[in-house]
Amino acid sequence: MRILLVEDEVFIAEAIAQVLKKSGYTVDLAFDGEEGLHHGLSGIYDIIVLDIMLPKMDGLAVLQELRDNDIMTPIILLTARGGTEDKIHGLDCGADDYLAKPFQTDELLARLRALGRRGTILHLDGLLTCGDLQLDPLALILRCGADEVQLPPKESQMLELLMRRKNFVTSKEMLIEKVWGYETDADENRVEMYISLLRKKFGMMGSTVIIQTIRGAGYILKP
Ligand code: CA
């Protein structure tokens, strides 16, 4: 699992990151709100741990901006002890959990495990759209106008990731990680095969959306 930790107190951030890495998580750090938002918008994280008091942009604004951009990555907010208003506001803005500072790292690990069990960004509800295509990721149904097809789960998950990242190039490596998980023997050929299946379906449905290959980088959806 890949975690983004946004915390401006460098000493605390690095101490937490060390504990998380020892527990097997991959951790990226951001030290202010803008950097955190920029990382978070990439959509590659399984969980974001977000401090509220941050320079440049506070954690609640980062949270709001991520949700406004359809980034539904589970978020744990780090609040000041007794900051009840922040907690309520944070949950209203779409945070999944909060932890009052100072906290024991064991407690953070327990929260991360609980959120991890709920699944990653690939299992949230809501319809996704790109151009004339609409995907229902829970029902695994792809629609184009009046036409609809049932997608196999892996094809749906792959398209879901491409749609959630529609303004970004998505690498084959990321598709493998998100769709097949970290411990898999799925390789780039498998990704190419699924991309070609999706392209055929777009064509069959008469969609104008294309999956463009960016040589050496990955794929991007073009409406
Ligand atoms: Ca702080």
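The following paragraphs describe a four-stranded sheet and a pair of packed helices in a predicted model.

Residues are numbered from 1 along each chain as its sequence is written. Because the model is predicted, local features need pLDDT of at least 70 and side-chain atom pairs count only at pLDDT 80 or more, while totals for chains, interfaces and linings use all residues; side-chain values use heavy atoms, with hydrogens and water left out.

Strands of a sheet pair through backbone hydrogen bonds, either parallel or antiparallel. Here, an open sheet of four strands follows the order β6-β7-β8-β9 with antiparallel pairing (strands are DSSP runs of E, at least two residues, numbered from the N terminus; two strands pair if DSSP finds at least two bridges between them). The edges are formed by β6 (128-130) and β9 (147-150), each with a single partner strand, so one side of each is left without a neighbour in the sheet. Between β6 and β7 (residues 133-136), the antiparallel pairing extends over three bridges, and C130 stands opposite L133 in β7.

Helix α6 (residues 153-164) packs with helix α7 (residues 172-180) at an angle of about 130°, their axes being 10 Å apart (helices are DSSP runs of H or I, at least four residues; axes are lines fitted to C-alpha atoms over the stretch in contact, and angles run from 0 to 180 degrees between N-to-C directions). The two helices, α6 and α7, are therefore oblique to each other, a class holding the angles left over from under 35 degrees (roughly parallel), over 145 (roughly antiparallel) and 65 to 115 (roughly perpendicular). To the contact (heavy atoms within 4.5 Å), α6 contributes K154, Q157, M158 and L161, and α7 contributes M174, L175, K178, V179 and W180.
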